[in-house]
Amino acid sequence: NDRPEVRELFSGFHIEAVNLTYTIAKAGAKQVSELLISNREVRTGLL
């Protein structure tokens with residue numbers, strides 16, 4: 001989850017936030033923000 005304590009814990013790594021929609025709950029879709037954490041720079045536009 002995109003939370004301040006997670007960002008602080010992994011601050012030495014490359015962090016990329018992504019927005020997702022959870023749709024499995026009965027209450028309907030829920031917008032959330034997750035983090036991709038990597039030990040190297042995330043390269044975009046390759047696919």
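Phe13 sits in the loop that links helix α1 (4-9) to strand β1 (14-22). In this predicted model, Phe13 counts as partly exposed because its relative accessibility is 42%. Phe13 also belongs to a nonpolar patch on the surface, together with Leu9, Phe10 and Ile37. The accessible area of these four residues together is about 370 Å².

**The chain as a whole**

- The chain has one helix and two strands, and their order from the N terminus is α-β-β.
- Of the 47 residues in the chain, 9% count as buried.
- The chain has an accessible surface of about 4,400 Å², and carbon and sulfur atoms make up 52% of that surface.
- Among contacts in the chain with a separation of 6 or more, 34% are between residues 24 or more positions apart.

**Salt bridges**

- The count of salt bridges is two.
- One of them joins the side chains of Asp2 and Arg7, with 2.7 Å from N to O.
- Asp2 is partly exposed, because its relative accessible area is 28% and the range for that class runs between 20% and 50%.
- Arg7, the partner of Asp2, is partly exposed as well, with a relative accessible area of 33%.
- Another salt bridge joins the side chains of Arg3 and Glu5, with 2.8 Å from N to O.
- Arg3 has a relative accessible area of 42% and is therefore partly exposed.
- Glu5 has a relative accessibility of 44%, so Glu5 is also partly exposed.

**Glu34, a buried charge in β2**

- Glu34 lies in strand β2, which covers residues 30-38.
- Glu34 is buried and has no salt bridge.
- Why does Glu34 have no salt bridge? The nearest side chain of opposite charge is Lys30, which is 8.9 Å away, and a salt bridge needs the nitrogen and oxygen within 4 Å, so the pair does not qualify.
- The side chain of Glu34 does have a polar contact with the side chain of Tyr22, at 2.3 Å.
- With neighbours within four places in sequence left aside, the contacts of Glu34 include Asn1 and Asp2.
- Glu34 is also in contact with Glu16, Ala17, Val18, Leu20 and Tyr22.
- Asp2 therefore appears in two settings: Asp2 forms a salt bridge with Arg7, and Asp2 is in contact with Glu34.

**Val32, also in β2**

- Val32 is found in strand β2.
- Is Val32 buried or exposed? Val32 is buried, because its relative accessibility is 16% and the limit for buried is under 20%.
- Beyond its neighbours within four places in sequence, Val32 is in contact with Val18, Asn19, Leu20 and Tyr22.
- Val18, Leu20 and Tyr22 are contacts of Val32, and they are contacts of Glu34 too.
- Val32 and Asn1 are 31 residues apart in sequence, while their C-alpha atoms are 8.1 Å apart in space.

**Ser38 and the segment after β2**

- Ser38 is found in strand β2.
- Ser38 is buried, because its relative accessible area is 18%, which is under 20%.
- The side chain of Ser38 reaches the backbone oxygen of Arg40 at 2.9 Å.
- Arg40 is placed in the segment after β2.
- Arg40 has a relative accessibility of 62%, so Arg40 counts as exposed.
- Arg40 and Ile15 are 25 residues apart in sequence, and the distance between their C-alpha atoms is 9.4 Å.
- Asn39 is likewise placed in the segment after β2.
- Asn39 counts as exposed, because its relative accessibility is 63% and the limit for exposed is over 50%.

**Back to Phe13**

- Which residues does Ser38 touch, not counting those up to four places away in sequence? Ser38 touches Phe13 and His14.
- Asn39 is in contact with Phe13 and His14, leaving aside its neighbours within four places in sequence.
- Asn39 and Phe13 are 26 residues apart along the chain, yet their C-alpha atoms are separated by 5.3 Å.
- Phe13, in the loop between α1 and β1, thus has contacts with Ser38 of strand β2 and with Asn39 of the segment after β2.

Note on methods
Residues numbered from 1 in each chain as written. Predicted model: local features only at pLDDT ≥ 70, side-chain atom pairs only at ≥ 80, totals over all residues. Heavy atoms only, no water. Patch = residues over 30% accessible without salt bridge, like charges linked within 9 Å, V, L, I, M, F, W, Y side chains within 5 Å. Areas by Shrake-Rupley, 256 points an atom, 1.4 Å probe, with all protein chains shown as cover. Helix = DSSP H or I, 4+ residues; strand = E, 2+ residues; numbered from the N terminus. Buried < 20%, exposed > 50% of the residue type's maximum accessible area, 1.4 Å probe, protein only. Contact = heavy atoms within 4.5 Å. Lys, Arg positive; Asp, Glu negative; His and termini not counted. Polar contact = N/O pair within 3.5 Å; in protein donor to acceptor, adjacent residues only side chain to side chain.
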